[in-house]
Amino acid sequence: TAPGPRSYTTLRDEAVKLFNSLQQLESERDPVPLMQGVLQTCLDLPPLVDEIYCQLVKQTTEPPAPGGQGDLHYWQLLTCMSCTFLPSPPVLRFLHFHLDRTENRFPASEMAKYACFIREALGKTKGRECVPSLEEILVLMQRQEMICTVHCPGAPACSVAISSHTTAEEVAQELVSRLGLSQSPNLFALYEQSRRREQPVGSATLLADVLTRFE
C-alpha cells in the first residue's frame, strides 16, 4: 500500500532518522519499501531534500566496493530522488560534478549508467505530487520505463510505455495517433476511475502520480 499520513518530530531528528535509513539501505535485501519511506519523508519535509542528496553523493564517493550491492542501492535511491525532487541550485551543481566524475572514473560501469540516467532525469523533473509507487521504484532501479494500460471506448485496451515524467496529455496524443483519430474535431482526455468516482486527468498531470494513487 502507498505510505499513509505520518507524524514527524524536528527536522534535525528526522535528518538523523534518514541517515540511519541510508546506513540500513546498504545491506537491505529488499530496499524498495525503505527507499519509498525516504522519498515520502522528503516529500513531506522539503528542507530535507538537499540533505539526502548530499548524503547520497557522500555515500557514492569512494565507496568500499564500487559497483557492489550496497553501492548500487545508493545509486538506485539517487535515481529515484532525481525523478521526484530537484535539489537547490548549489546542490544541483555539486551533484552534476559528482555524476561527471563518476562517469569519467568508471566508464561503462553500472554506476556510470545510473549517473547518465540521473543527469537526463534532472533535466525533466519538475516535482511530484506523490512519491514513486513500489512498481515505479522497481522500474527505476532497472533504468526502465513502466507500462501503463489505458482502456479506450470502442477499442481494445492500449499499453503505453511511460517514464516518471510522462504527462496525461502526451499519452492522450499518442493514443489519438495510434487510433487514427488525428484528424478528428473532437477533444480527447484521460480519465481515472475508481469504485467511487470517475474524473478527468489534468493534461499536465504526471501519469506516474496517478498510478501511485491507484497503488
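A nonpolar core is a set of buried Ala, Val, Leu, Ile, Met, Phe, Trp, Tyr and Cys residues joined through side-chain atoms within 4.5 Å. Buried means under 20% relative accessible area, exposed means over 50%, and partly exposed lies in between (1.4 Å probe, protein chains only). The model is predicted: local features need pLDDT of at least 70, side-chain atom pairs count only at pLDDT 80 or more, and totals for chains, interfaces and linings use all residues. Residues are numbered from 1 along each chain as its sequence is written, and side-chain values use heavy atoms, with hydrogens and water left out.

**View 1. The whole protein chain has 9 helices and 4 strands.** Helices (H or I, at least four residues) and strands (E, at least two) are DSSP runs, numbered from the N terminus. The order from the N terminus is α-α-α-α-α-α-α-β-β-α-β-β-α. Along the principal axes, the C-alpha atoms fill a box of roughly 60 × 40 × 35 Å. The radius of gyration is 19 Å, which agrees with the value near 17 Å for a compact globule of 215 residues. That radius is taken over C-alpha atoms, and the globule rule is 2.2 Å times the number of residues to the power 0.38. Of the 215 residues, 44% count as buried. The chain exposes about 11,800 Å², with 52% of it supplied by carbon and sulfur atoms. Accessible areas come from the Shrake-Rupley method with a 1.4 Å probe; for residues, only the protein chains shown count as cover. Contact means heavy atoms within 4.5 Å. Of the contacts with a separation of 6 or more, 68% join residues 24 or more positions apart.

**View 2. The largest nonpolar core holds 39 residues.** Leu39, Ile52, Tyr53, Leu56, Trp75, Leu77 and Met81 touch the most other members. Helices α1, α2, α3, α4, α5 (89-105), α6 (110-122) and α7 (134-141) each supply at least two residues of this core. The largest share, 7 residues, comes from α4. Apart from this core lies another, of 17 residues; among them are Val150, Val160, Ala172 and Leu207. In soluble globular proteins, nonpolar side chains tend to be buried together.

**View 3. Tyr53 and its contacts.** What does Tyr53 touch, not counting residues up to four places away in sequence? The list is Leu78, Met81, Ser82, Phe85, Leu86, Pro87, Val91, Leu95 and Leu122. Tyr53 is also one of the core members that touch the most others.

**View 4. Helix α1 spans residues 11-25.** Its end C-alpha atoms are 21 Å apart, which agrees with the 21 Å that 15 residues should span at 1.5 Å a residue. The expected span is 1.5 Å times one less than the number of residues. Glu14, Ala15, Leu18, Ser21, Leu22 and Leu25 are the buried residues of α1. They cover an arc of only 115° around the axis, which puts them on the same side of α1. The arc is that of the directions from the helix axis to the C-beta atoms. These buried residues pack against α2 (32-44), α3 (48-59) and α4 (69-82).

**View 5. Leu45 sits in the loop between α2 and α3.** Leu45 counts as buried, at 15% relative accessibility. Leaving aside neighbours within four places in sequence, Leu45 is in contact with Tyr8, Leu11 and Glu14. Leu45 and Leu11 are 34 residues apart along the chain, yet their C-alpha atoms are separated by 7.8 Å.

**View 6. Helix α6 has 13 residues.** From first C-alpha to last, α6 reaches 18 Å, close to the 18 Å expected at 1.5 Å a residue. Met111, Ala112, Tyr114, Ala115, Ile118, Ala121 and Leu122 are buried in α6. Their cover includes α3, α4, α5 and α7.

**View 7. Glu136 lies in helix α7.** Is Glu136 buried or exposed? Glu136 is buried, with a relative accessible area of 1%. Not counting residues up to four places away in sequence, Glu136 touches Arg128, Met146, Ser164, Ala208 and Thr212.

**View 8. Ala108 and Arg143, two loop residues with positive phi.** Most residues other than glycine have a negative phi. Ala108, in the loop between α5 and α6, has a phi of about 70°. Ala108 counts as exposed, at 72% relative accessibility. Arg143 lies in the loop between α7 and β1 (146-150), and its phi is about 55°. Arg143 is partly exposed, with a relative accessible area of 24%.
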